[in-house]
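Ready to try a few exercises on a structure you haven't met before? Have a look at it first, then work through the steps.

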Amino acid sequence: MNNKLTLTIAIILFGLPFYSCNNETTIKVSGELIGGGQDTLVFTNKITKETFNVLVNDSGKFTNEFHGEPGYYRVRSKSQQVLPGIEIYLQKNNVASFKIETENWRREQNYTVSNNPESEYLKHFNKSNTTLYRKYNYSLNKLEAAHFISVIDSMRLEQNIYLETFISKHKKLDDDFIKVEQERIRYNYAALKESYALRKKPSALPDNFFDFRKQLNYNDEKLLAISAVDYGSTVSRFILNETNQTLTDNEDYMLHTIKTCIKNVSNQKVLDHLLTTMVAPYLKDSEKFEEAYALFIENCSNEDYVKMATENFKKYQKTKKGNPSPKFVDYENCAGGTSSLDDFKGKYVYIDVWATWCGPCLAEIPHLKKVEHKYQGKNIEFVSISVDVEKNKEKWKEMVADKELGGVQLRAIDKEFMDAYSISGIPRFILIDTQGNIVSRSAPRPSNPELITLFDELGI
């Protein structure tokens, strides 16, 4: 079977002011999926989020029409031959043709555009951005600030010159398209600068480093819809930098992140984007979950994420300080046999949830060994629970031996204990008292001096 497929699409947009009482725009599409078979092409308007399905018949041909707003669209195929999709821009009275080479699509994304200059420009812009991030994103962050700014400004100038040259060559480009693309370049490089700042100490940045922010708008929901990568990344990284720079001692990170979002963004859709991407996945790890949860549901209008947060909050209620801890039963013991949480009743239990493949987990091992040595013979048991799957069992046993891991080394045989504590990221440390009640569902790491302070307060 020939794996190389060529997709030719002809797209015609007609305004229908004389035939449509609501002045809808009809988009007519036709073309052929050469070498392919039955499929469905999905056209999604990036602003309205409307989707239009166009059926491709057994011979690879299709023809259809739908009523949609002109502007930015993403085209993909349900068969995933064309995934990720193509970004295009459609206007009234426009005929556009696209030829897509689907072989190695995920890696190369080769296609040609005819009679549609906006989409031709988008192809160049997106391809140059992909090259930029693959080739330069991390190497740029190694440069000194002055050198970094010089390189970034030169690259931005190059993209602006290309756009201006393109505008001069194509006199009939849509004005709205030009304005959006000028902004995308601005935010594209703002995202790189925010990313650079995240990896540097504030003292390494010149005083005027963040002056570029004065030209940015963090409440542009239209630009977010069109360009979640360029615009969305800029806003997200701005929030991360602001959170890191304004966080005070003993302040909960996730709670402060929510407050930073609310303080700096007033547009609900942009705020939802931040809360659902930056906060929701990690909300349950907050040390002040109750307060963070309340602030989250008060400010997030996305019902699905509010529901998810509420479900996690219900789990949290069961694992609050003072409640009986969820139990693990008959977990595999590296020393032989099995162990259960009840086996350690009468002692404090400091639990380390980890895995052999987790870098941050391994980084805590030397610190954990020091803490174990300091409290040797005290009324506390150090229990490490590996979440390595069955096929990695031998690797787990080898690492326990090679690194001479102390305490009680267990391997989880189910997910019930982890699910009960809503553990989505590791390492995770839990402290349980002598009666099996929860002291901390998210205890300080061994590398954190606050752990010893907590032990001392408990009289361990």
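**Exercise 1.** Work out why R411 counts as buried, and find its polar partner.

*Solution.* Start with the cut-off: buried means under 20% relative accessible area, exposed over 50%, and partly exposed in between (1.4 Å probe, protein chains only). R411 has 4% relative accessibility, so R411 counts as buried. Next, place R411: it's found in strand β14, residues 408–411 (strands are DSSP runs of E, at least two residues, and helices runs of H or I, at least four, numbered from the N terminus). Finally, the R411 side chain makes a polar contact with the side chain of E390 at 2.8 Å; such a contact is a pair of N or O atoms within 3.5 Å, and within protein one must be able to donate a hydrogen and the other to accept it, while residues adjacent in sequence count only if both atoms are side-chain atoms.

A quick note on the source: this is a predicted model, where local features need pLDDT of at least 70 and side-chain atom pairs pLDDT 80 or more, while totals for chains, interfaces and linings use all residues. Residues are numbered from 1 along each chain as its sequence is written, and side-chain values use heavy atoms, leaving out hydrogens and water.

**Exercise 2.** Find the disulfide and work out its handedness.

*Solution.* The structure holds one disulfide, meaning a pair of cysteine sulfur atoms within 2.5 Å. C358 and C361 form it, with their sulfurs 2.3 Å apart. The torsion about their S-S bond is about 80 degrees, so the disulfide is right-handed. Both cysteines, C358 and C361, are buried.
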